[in-house]
Amino acid sequence: MVADDQGREFVPPPTIVAERDKSERERLAICTDWSNHSTAWLMRHRLGLRAVLLDLMAGVEIKGDEAMIQALAEFSKRNASHVKGILNLTIPLSESPVWILGQFLWQLGLSTESRRPFLDGQRVRYYRLNTLDVEFIQKVLDYRLHQREDRESKRHQEQELQAAYAARMQSQYGVEQRGNDLYKNSPLHLCSPAPMPSSWPSTPPLNEDGSNNWEGMDTEPELSDSWWERVKYYARLAIERVEDGVDKVKELLSTLTSDERWGVMLEFEDIEPEKFGQLIAKAPDWVEWMA
């Protein structure tokens, strides 16, 4: 039980329900018709459905005249418009408590079965949850729990890998990681020119003889585009060769100019930071290749 700013007390939804609403709003930011799982959970809680379900899941049979079933039915009829708006269930005022309970159970994928034994010379109907429904629902719950635990485990593993990578980059090259961005003061970024987007006209990179003349022409925008496209092509080749070993990447870089090698490594790090981390972990002297 928690209290708001005005002192009103209420029961907050479980974390998993609140997180589901939050993730849905983050994923569908422009949507205005979210599911409002927390509101639906609160309505079922106010109905007393949780207490009824705990008994039914434990195998308890009901007749329909129990206090908690009566209270659930009366609350549903008094707040029929809210139940309709939040849970999309129509509650007729003339229906029995067991029928109303059945509607809430149906929405949760459950149903009831009954038996009519003799009691004091009369037949009395007892209701219990359908065994097949309970088995199926339990399998669904177990599967969802396993999926959540698996996602949480993967998230922790990714965080550990990112932390180890950030620590290694910091110790070896002075790279500081903040959030998802890398702020670099490593030799890679001190010595190499930053590649420009293809839409920016610029002077082509220097040739090995020190000139920037490519086939007799200077400062043509399409030359810069061509150079950058070539760099991106070789970066993709380098990424593919990581699996074949460091020597294969080094062999590929040896066929390029110094400017192209720097450009390839910059592009490599931008599009595949994880594989780039694997490469420099295996070859801490990679900066020497750039000469």
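Before the questions start: an angle between helix axes is called oblique when it falls outside the ranges under 35, 65 to 115 and over 145 degrees. Also, keep in mind that this is a predicted model.

Q: Why are α11 and α12 called oblique to each other?
A: Helix α11 (residues 258-271) and helix α12 (residues 273-282) pack at about 125 degrees, with axes 5 Å apart. That angle sits in none of the named ranges, so the pair counts as oblique.

Q: Which residues make the contact between α11 and α12?
A: From α11 come Met265, Phe268, Glu269, Asp270 and Ile271, while α12 brings Pro273, Lys275, Phe276 and Leu279. Sorted by class, that's six nonpolar, three charged and no polar residues.

Q: What makes α4 roughly perpendicular to α6?
A: Helix α4 (residues 67-78) crosses helix α6 (residues 97-107) at about 75 degrees, with the axes 9 Å apart. The range for roughly perpendicular is 65 to 115 degrees, so α4 and α6 get that label.

Q: Where do α4 and α6 meet?
A: On the α4 side you'll find Ile69, Gln70, Leu72, Ala73, Ser76 and Lys77, and they meet Pro97, Ile100, Leu101 and Phe104 of α6. The class count for this contact is seven nonpolar, two polar and one charged.

Q: Which residues touch the most other members of the largest nonpolar core?
A: Those are Leu253, Phe276, Trp286 and Trp289, out of 25 residues in that core. Helices α7, α9, α10, α11 and α12 each give two or more residues, and α9 has the largest share, with six. Another core, of 24 residues, lies apart from this one and includes Phe104.

Conventions: Residues numbered from 1 in each chain as written. Predicted model: local features only at pLDDT ≥ 70, side-chain atom pairs only at ≥ 80, totals over all residues. Heavy atoms only, no water. Axes fitted to C-alpha atoms, helices over the stretch in contact; angles between N-to-C directions. Helix = DSSP H or I, 4+ residues; strand = E, 2+ residues; numbered from the N terminus. Contact = heavy atoms within 4.5 Å. Nonpolar A, V, L, I, M, F, W, Y, C, P; charged D, E, K, R; others polar. Core = buried A, V, L, I, M, F, W, Y, C linked by side-chain atoms within 4.5 Å. Buried < 20%, exposed > 50% of the residue type's maximum accessible area, 1.4 Å probe, protein only.
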